[in-house]
Amino acid sequence: MLEEYRKVINDIDKQLMDLFEKRMKVVVDVAQYKHDNNLPIFHEQREKEVIENNLKLVQSEHLKPYAHTLLTTLMDVSKDFQRQQLKRAPKEVEPTAIKAKYGLIGKQLHYSLSPQIHHASFKINHIRAEYALYEVDESKSMQIVQALKTLGIDGVNVTMPYKQIVIPQLNEISEEAKKIGAVNTIKIKNGKAYGYNTDYHGILDMLDYGDIEIEGNDFYILGAGGSARSVIWCLKDRGASSVTIVTRDVSAASKALDDTDVNIINYDEFNRVESGYGVVNTTPRGLAPNVDDMAISEEKLRCFKAAIDLVYNPEETKFLKIAKRHGLKTTTGLYMLVAQATRAQEIWYDSKFD
């Protein structure tokens, strides 16, 4: 059976190479025609249109980010080949030929919305850059930062399970990354690697967007995972009167969060809480396709004045729909996701983006 699969792949690869040769011949003919007629050889808007039109042909949503990477790489290869065939230096043909390279480091990334978010932002801000997915096996995780430098990548986002593993590989990390104990954004500059945690800023932006009043109010955080640490420090730094973690395993959470000085209770104790200001869901409960799932009951949700959900798919979870129905302030994880991505670009470019 394996040999049969290999034969199919070999046949497909042969077709791809045949088509590749044909395409490269045509792009050189096009470049020569433009050169002979004093037309611009490269047209960035046309490249974008070609990529977008081809992406529409991809049936699988999971494959579209990978197809985008393939198509942008093909465009770069085509331009390099055109320059070589016309024997013209890059600066004579296209002053902005060099693209910045960014991406996402993780283990299983097919679900990620990061390429769509970053490419949209690049387009809005007229940035010449590409963003790719880099799936890394855990056996190679200790060489992540060195690999980024070797490949000439300018910066990456980092997702689980590598947010802690990359820390010893970095030259410096920001204060919020130190506090949270996790890095989700890396910038490579002058051969050095710098780590940041933009989840922290994304959560603060999300809370501001939802008009959540933090100072002097009490909050209950559902779940004790990595994202809970970011929420804890956002709330504490903004002056919350108390922060309580609600978890099924109080012992494990106490060890993981021993430096945060927060209350930690189980769900039985939480169910005895009669009122509070804010409840934050950091668990995956309600994430598609399990959209009817909720971390707490509707009755318990009514005890609060504000509901915050870090789940971003669907944009409005059942947790938030019910909270809104009962008059609670609500804010969604999708805003946080986009805000933390925007903050990453601000770090990479030393600029402020809307």
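**A parallel sheet and two oblique helix pairs**

Val280 sits across from Ile308 of β11. This pairing belongs to a predicted model, and it makes a handy way into the sheet. Val280 lies in β10, which covers residues 278–281 and runs parallel to β11, with four bridges joining the two strands. On the other side, β11 (residues 306–309) is linked to β12 by three bridges, and this pair is parallel too. Within that second pairing, Ile308 has Thr331 of β12 as its bridge partner, while Ala307 stands opposite Thr330 in β12.

Stepping back, these strands are part of an open sheet of six, ordered β9-β8-β7-β10-β11-β12 and paired in parallel. The sheet ends at β9 (263–265) and β12 (329–331), the edge strands, each of which has a pairing on one side only. Going from one strand to the next, the twist averages 20°.

What covers β11, one face or both? In a regular strand, side chains alternate between the two faces of the sheet. For β11, both faces turn out to be covered. Ala306 and Ile308 are buried on one side, and Ala307 and Asp309 are buried on the other.

Turning to the helices, a packed pair is described by the angle between the axes and the distance between them. Helix α1 (residues 2–36) packs against helix α3 (residues 64–86) at about 55°, the axes being 9 Å apart. An angle between 35 and 65 degrees counts as oblique, so α1 and α3 are oblique to each other. Their crossing is right-handed. On the α1 side, the contact involves Phe20, Arg23, Met24, Val27, Val28, Ala31 and Gln32. These meet Leu74, Met75, Val77, Ser78, Phe81, Gln82, Gln85 and Leu86 of α3. Sorted by class, the contact of α1 with α3 has 10 nonpolar residues, four polar ones and one charged.

A second pair is made by helix α8 (residues 198–209) and helix α9 (residues 226–237), whose axes come within 9 Å and cross at roughly 60°. α8 and α9 are therefore oblique to each other, and this crossing is right-handed. Helix α8 brings Asp199, Tyr200, Ile203, Leu204 and Leu207 to the contact. From α9 come Ser227, Ser230, Val231, Trp233, Cys234, Leu235 and Asp237. Eight of the residues in the contact of α8 with α9 are nonpolar, two are polar and two are charged.

Technical notes: Residues numbered from 1 in each chain as written. Predicted model: local features only at pLDDT ≥ 70, side-chain atom pairs only at ≥ 80, totals over all residues. Heavy atoms only, no water. Pairing = 2+ DSSP bridges. Axes fitted to C-alpha atoms, helices over the stretch in contact; angles between N-to-C directions. Parallel < 35°, antiparallel > 145°, perpendicular 65-115°, else oblique. Left-handed = near helix turned anticlockwise from the far one by under 90°. Contact = heavy atoms within 4.5 Å. Nonpolar A, V, L, I, M, F, W, Y, C, P; charged D, E, K, R; others polar. Buried < 20%, exposed > 50% of the residue type's maximum accessible area, 1.4 Å probe, protein only.
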